[in-house]
Amino acid sequence: MELQLKFQILSKILDNIDEIIKVENNLSSFINVEKDILIKDNQIFFEFYIQEDVEKEILKSIIEHYEIAMQILINQGYKIYVYNSQEKYSNICRDFVQIFKDESIRYIENKDNNLKLILESKYTIMMSEEYFLLSFLLEKPCIAMFMGENLLSLLEINNNTLIKKEGFNASVLLDKVTYVEENYPSIKENIANLFKKSRKEIIEKCDELVDIKNQNYGNEKQIIHDENSDDMETYKNQLKQKIQFMIEQGQLEEAKQIVAQYEQIVKDDIDVYSIRGVIAMMEGDMDGANANFKKGLALDEKNVDLNYNLAYLYQSAEKVEEAIYYYKKALQNAAEEKDQEEIYSNLKELGVKDNKEDILQHATVEDNKILHSEMTKSSVKEELEAYKKQFKENIQSLIEQGLLQEAKNMVEEYEKIVKDDVDIYSIKGVVAMMEGDMDGAERVLHEGYEIKPFNFDILYNIAYLYEINEKYITAYRYYKKALKLADEKDIDDISMKVEILEKN
């Protein structure tokens with residue numbers, strides 16, 4: 001189950017929205033972590049967290065008993081990674097680790113390593129709600145220290161938790177470690193089942209709302225007539241969550257059907273334009289996506305989602321000026337700090353040097369001029385793109401017919417008009433291979449790779465070149481890169497090649 005879906009489920013179970021938001025921010029770095037991480041049976045992640053309200057004597061006693069428990073675990077062969085998220089207590093945590101003078105227990109300086117270490121660990125010991133919830137989302141068995149009974153009850157967690165600080169000692173913690181070790185499979189299964197059960201309840205609840213034809217909507221009609229009704233807002237939010245869930249699962253046709261049903265009941269909801277645009281993008285219909293986003297912006301030019309999605313669309317099409325313009329509009333209208341940070345990060349990736357505060361405070365007059373200029377040029381660009389596409393298709397047709405000299409002549413003509421088109425490097429490489437000029441093919445393909453290192457055709461052709469020249473290790477490396485960029489139709493073919501090369 002995807003982490004973002006689990007996050008939605010957790011948001012429905014719990015009321016502590018502040019801690020959930022912290023966890024969501026932590027999850028943003030999860031995309032940079034390898035998903036298939038090998039669990040190390042003897043590794044524990046320990047979050048050393050000091051609660052503000054704990055009395056000094058109790059804290060001193062807790063730390064002393066932690067020392068005893070950690071030393072016993074080290075003696076039993078465990079490797080322990082210790083982290084503290086509180087800047088003012090980091091020295092206490094660092095001193096705690098240094099007491100042991102043992103490589104088996106280490107203090108973590110860099111927060112960026114936390115997710116990987118949590119995933120590698122067999123289980124965790126967590127003292128703050130933020131990190132406990134993070135561990136829970138990752139379906140990692142966890143010994144929860146001094147959490148609120150309410151939270152643990154909602155998450156149906158009991159035996160592997162400690163609630164009271166008073167009377168805590170090393171043997172109590174070690175008993176919990178033993179319990180987790182002995183019941184590890186069932187604890188993991190219980191966490192997974194909670195998510196599955198909640199997911200099913202969300203789907204069933206939304207399905208009740210979606211089954212319009214088979215239900216009597218007399219009450220709903222009364223709600224709909226009252227635009228300020230809380231029930232109506234709940235209905236709309238639940239139905240849109242259902243649509244969002246289906247989009248995330250790739251069930252685009254089903255999502256479109258529910259959008260159509262939703263529009264019959266709720267008129268002029270601006271969110272629908274954003275949803276339709278996202279579905280169109282996922283289906284590869286970029287023109288349809290563009291049209292939906294702009295229709296929505298014609299009704300609400302300050303809508304953050306519409307501006308952001310249109311900016312992303314332009315960014316995907318490598319239309320940098322347009323992408324910057326709409327990202328800036330999204331930033332200027334975003335109310336949440338985390339949204340502003342995400343949008344500003346995208347702007348920096350596109351080369352924007354202005355600081356965030358300047359963008360927020362000043363209208364982008366210059367950007368409007370740039371955008372107008374770009375729109376004026378757009379029809380000329382479209383004609384040029386169509387010309388380039390047709391020209392390259394003609395060259396490809398000549399290659400497929402074995403008319404290599406004619407193809408080379410057309411490539412030369414094309415290069416007089418269009419400079420540094422990476423597709424041409426790929427075409428020239430294929431022609432050279434067909435002519436038996438492997439050195440020439442390698443040279444020209446690597447020239448293309450220097451211009452655009454993330455081009456699928458270039459990567460695939462380099463890999464194929466090395467494969468036929470029996471340089472299997474290098475071929476394997478480039479096939480792996482190509483696999484990350486492959487369309488669905490190419491994935492099976494490349495995966496098979498990777499599998500074969502792994503065995504060589």
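Biologist: Between which elements does the loop that holds E139 lie?

Modeller: E139 sits in the loop between helix 6 (129-137) and strand 5 (142-145). Helices here are DSSP runs of H or I with at least four residues, strands are runs of E with at least two, and both are numbered from the N terminus. This is a predicted model, in which local features need pLDDT of at least 70 and side-chain atom pairs count only at pLDDT 80 or more, while totals for chains, interfaces and linings use all residues. Residues are numbered from 1 along each chain as its sequence is written, and side-chain values use heavy atoms, with hydrogens and water left out.

Biologist: Why is E139 called buried?

Modeller: Buried means under 20% relative accessible area, exposed means over 50%, and partly exposed is in between (1.4 Å probe, protein chains only). E139 has 19% relative accessibility, so E139 counts as buried. Its phi is near 55 degrees, a positive value in a residue other than glycine.

Biologist: What is the phi of K101, and why is K101 called exposed?

Modeller: Phi of K101 is near 45 degrees, again positive in a residue other than glycine. K101 is in the loop between helix 4 (90-98) and strand 3 (105-107). Its relative accessible area is 76%, which is over 50%, so K101 is exposed.

Biologist: What makes E447 partly exposed?

Modeller: The relative accessible area of E447 is 39%, between the two cut-offs, so E447 is partly exposed. E447 belongs to helix 22 (residues 438-451). E447 and Y425 are 22 residues apart along the chain, and their C-alpha atoms are separated by 7.2 Å.

Biologist: How do you know that Q43 is buried, and what is it in contact with?

Modeller: Q43 has 2% relative accessibility, under 20%, and therefore counts as buried. Q43 is placed in strand 1 (residues 40-47). Contact means heavy atoms within 4.5 Å. Leaving aside neighbours within four places in sequence, the contacts of Q43 include K79, Y81, L117 and S121. Q43 and S121 are 78 residues apart in sequence and 4.8 Å apart in space, C-alpha to C-alpha.

Biologist: Why are N114 and N309 called buried?

Modeller: N114, in helix 5 (residues 114-120), has 3% relative accessibility, so N114 is buried. Outside its neighbours within four places in sequence, N114 is in contact with F45, Y83, I108 and Y131. N309, in helix 15 (residues 304-316), has a relative accessible area of 14%, so N309 is buried too. With neighbours within four places again left aside, N309 is in contact with S274, V278, M281 and F293.

Biologist: How many disulfides does the count give?

Modeller: A disulfide is a pair of cysteine sulfur atoms within 2.5 Å. By this rule the count comes to 0 disulfides. As for single cysteines, C93 has a relative accessible area of 0% and is therefore buried; C142 has 5%, so C142 is buried.

Biologist: Which residues meet where helix 23 and helix 25 are in contact?

Modeller: F456, Y460 and E467 in helix 23 meet D490, D493, I494 and K497 in helix 25. Ala, Val, Leu, Ile, Met, Phe, Trp, Tyr, Cys and Pro count as nonpolar, Asp, Glu, Lys and Arg as charged, and the others, Gly among them, as polar. On that basis the contact has 3 nonpolar, no polar and 4 charged residues.

Biologist: What share of the whole protein is buried, and how many helices and strands does the protein have?

Modeller: Buried residues make up 44% of the 504 residues, and the secondary structure comes to 25 helices and 6 strands.

Biologist: Where is confidence lowest and where highest?

Modeller: pLDDT is the predictor's confidence in each residue, from 0 to 100. The protein averages 77, and 75% of the residues score at least 70. Confidence is lowest in helix 10 (residues 218-225), at a mean of 40, and highest in strand 2 (residues 79-83), at 94. Over residues 205-229 the pLDDT is below 50, and this stretch has 26 contacts in the model beyond near neighbours in sequence. Where pLDDT is low, the predicted coordinates should not be read in detail.
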